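Hello,

Please find below the structure I am handing over to you. My notes on it follow.

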Protein chains: 2
Amino acid sequence: MGLFSKKKSISVQTIRRLPQYLRVLYDWHGYGRELASSTELAQETQVLPIVIKKDLQAIGAPSKMRAGFKIKGTITAIENFLGWDNLNKAFLVGAGHLGAALLGFSGFKNHGLEIVAAFDTHPERVGNEIHGVHVYHTAQLKSVIEEKKLKIAVLTVPGPAAQGITDTLVACGIKAIWNFAPVKLAVPPDVAVQQEDIASGLAELCAQLKSK
Amino acid sequence: MGLFSKKKSISVQTIRRLPQYLRVLYDWHGYGRELASSTELAQETQVLPIVIKKDLQAIGAPSKMRAGFKIKGTITAIENFLGWDNLNKAFLVGAGHLGAALLGFSGFKNHGLEIVAAFDTHPERVGNEIHGVHVYHTAQLKSVIEEKKLKIAVLTVPGPAAQGITDTLVACGIKAIWNFAPVKLAVPPDVAVQQEDIASGLAELCAQLKSK
DNA sequence: GAGATGTAGATATTTTTATATCCATATGAT
DNA sequence: ATCATATGGATATAAAAATATCTACATCTC
């Protein structure tokens, strides 16, 4: 019954819906609106009102009875919960097609992520810039990570190379890896890994298609 | 109690794990192995053995008591369940960074998807080829879809354009849309939409990071 | 051949997540 | 002032998913 006993664990599903709410709330905030009800958010996001209500309650978003949630305060609550209120310095390993596409995606700055370096082994990529980000040789990982104080790794290397790179990253003290390689990474328990598998989404679509 | 009454609905989570099993099974099949136990698959995929057992049972994968699941038969069962045993003709709308990256991803052919056309509105893209795929003007959507008998749409346009394109696709009779734009699409109930939101994954990673 | 072992199969339980229901209340209309 | 109403808040229920437990059995070892 200590000071931290009330820290409720928030469901993964809730976490995954938060960015969706955030986008709509940014939009409305831009128009000067101050309040939004779960019903209105539901129309925009196609999430059930009650789910939205519970999600926002879970992260302690401020609300006004009968009037809805305070847009500004809810934005702050979500950003704060996700740590998107200040930028984390990130880097990308594997500057192929997908890596280059991610480097060109400007939206990350709204999501707490700033990719400030890229790494690759191909001679024709090393030394160049992609969308304004310098590409170092992978051999320089350790020195650049330390020098630039990088915190988050985005992994877009081919599957067979992923675990090897990961071992290096762990050795460099990296605690967060966003993995786009179709391989489950083995890491120590204090390292966070987020696995993105494009095939999972395609499988869902195909399963839907077969059942309709 | 008709002929189709036994059709159990298979969980979304199960569907999302199937491609993961498939990759490992392909690999092992390539080495000539014939049987794999759920325990062995678990080591490779970091999914609990009992989950694997239930997933494979759900899609009717063949097994041998005491020896495990038949690799070849399980591959067939998964491919068949997902409809990945024959290619669906797909097309991509929005040939920007992400679109180009997806066009360059050769793995889709193993996943029942063959992207045979791309569409865009930018003059410098229209008429060119990207990774061997011709880029048509979006105005030609209807005619090319009909001519080439395209079935599945991959949507990689900017958010504000997504719903408009979607309405066109629906009017063209498209029944499956894989949407990478950060917008929930409104479609008739007989159209399957799979939403990919890169921000959801990032949110998960950031939430993990904060709790460690 | 006898027994130990690791497996799929079946069932039961627990946990998580989604959904429904009711209540108190602030707001707006009359 | 009064009343109807839409809302967040709280609680209860249902559904989905994960996890545990037990059984039967084919294979291997001795």
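**What was found**

A phosphate oxygen of DNA strand C sits 3.3 Å from an N or O atom in the side chain of Q57(B). Please keep in mind that the model is predicted.

R17(A) also approaches the backbone of this strand: one of its polar side-chain atoms is 3.0 Å from a phosphate oxygen of DNA strand C. K53(B) reaches a base instead, with an N or O atom of its side chain 3.4 Å from a base oxygen of DNA strand C. In total, 21 residues surround DNA strand C, and the closest are S11(A), R17(A), I50(A), S38(B) and S63(B). Of the atoms of DNA strand C that come within 4 Å of the protein, 64% belong to sugar and phosphate. Both chains contribute to this surface: α1 (12-30) and α3 (49-58) of chain A, and α2 (38-45), α3 (49-58) and β3 (68-70) of chain B, each supply at least two residues. By class, the surface near DNA strand C has 7 nonpolar, 8 polar and 6 charged residues.

DNA strand D has 20 residues around it, of which S38(A), S63(A), R66(A), S11(B) and I50(B) come nearest. Here, too, sugar and phosphate make up 64% of the strand's atoms that come within 4 Å of the protein. A polar side-chain atom of S63(A) is 2.8 Å from a phosphate oxygen of DNA strand D, and for S37(A) an N or O atom of the side chain is 3.4 Å from a phosphate oxygen of that strand. K54(B) has a side-chain N or O atom 3.3 Å from a base oxygen of DNA strand D. The largest share of the surface near DNA strand D, 3 residues, comes from α1(B).

How are the two protein chains related? A rotation of 180 degrees with 0.0 Å of shift along its axis superposes chain A on chain B, with an RMSD of 0.1 Å. That is the relation of a two-fold axis. In chain A, the C-alpha nearest the axis belongs to A101(A), 3.2 Å from it. Since 100% of the interface residues of chain A are also interface residues in chain B, the copies meet through the same surface.

Lastly, helix α6 (residues 141-148) of chain B has L141(B), V144(B) and I145(B) as its buried residues. Seen down the axis of α6(B), they fall within an arc of 100 degrees, so they line one face of the helix. They pack against β4 (88-93), β5 (113-120), β7 (133-137) and α7 (159-171) of chain B. K149(B) follows α6(B) and has a positive phi, near 55 degrees.

Regards

How values were computed:
Residues numbered from 1 in each chain as written. Chains lettered and ligands numbered in written order. Predicted model: local features only at pLDDT ≥ 70, side-chain atom pairs only at ≥ 80, totals over all residues. Heavy atoms only, no water. Near = heavy atom within 4 Å. Polar contact = N/O pair within 3.5 Å; in protein donor to acceptor, adjacent residues only side chain to side chain. Helix = DSSP H or I, 4+ residues; strand = E, 2+ residues; numbered from the N terminus. Nonpolar A, V, L, I, M, F, W, Y, C, P; charged D, E, K, R; others polar. Buried < 20%, exposed > 50% of the residue type's maximum accessible area, 1.4 Å probe, protein only. Arc of directions from axis to C-beta. Contact = heavy atoms within 4.5 Å. Least-squares fit on C-alpha atoms with pLDDT ≥ 70 in both.
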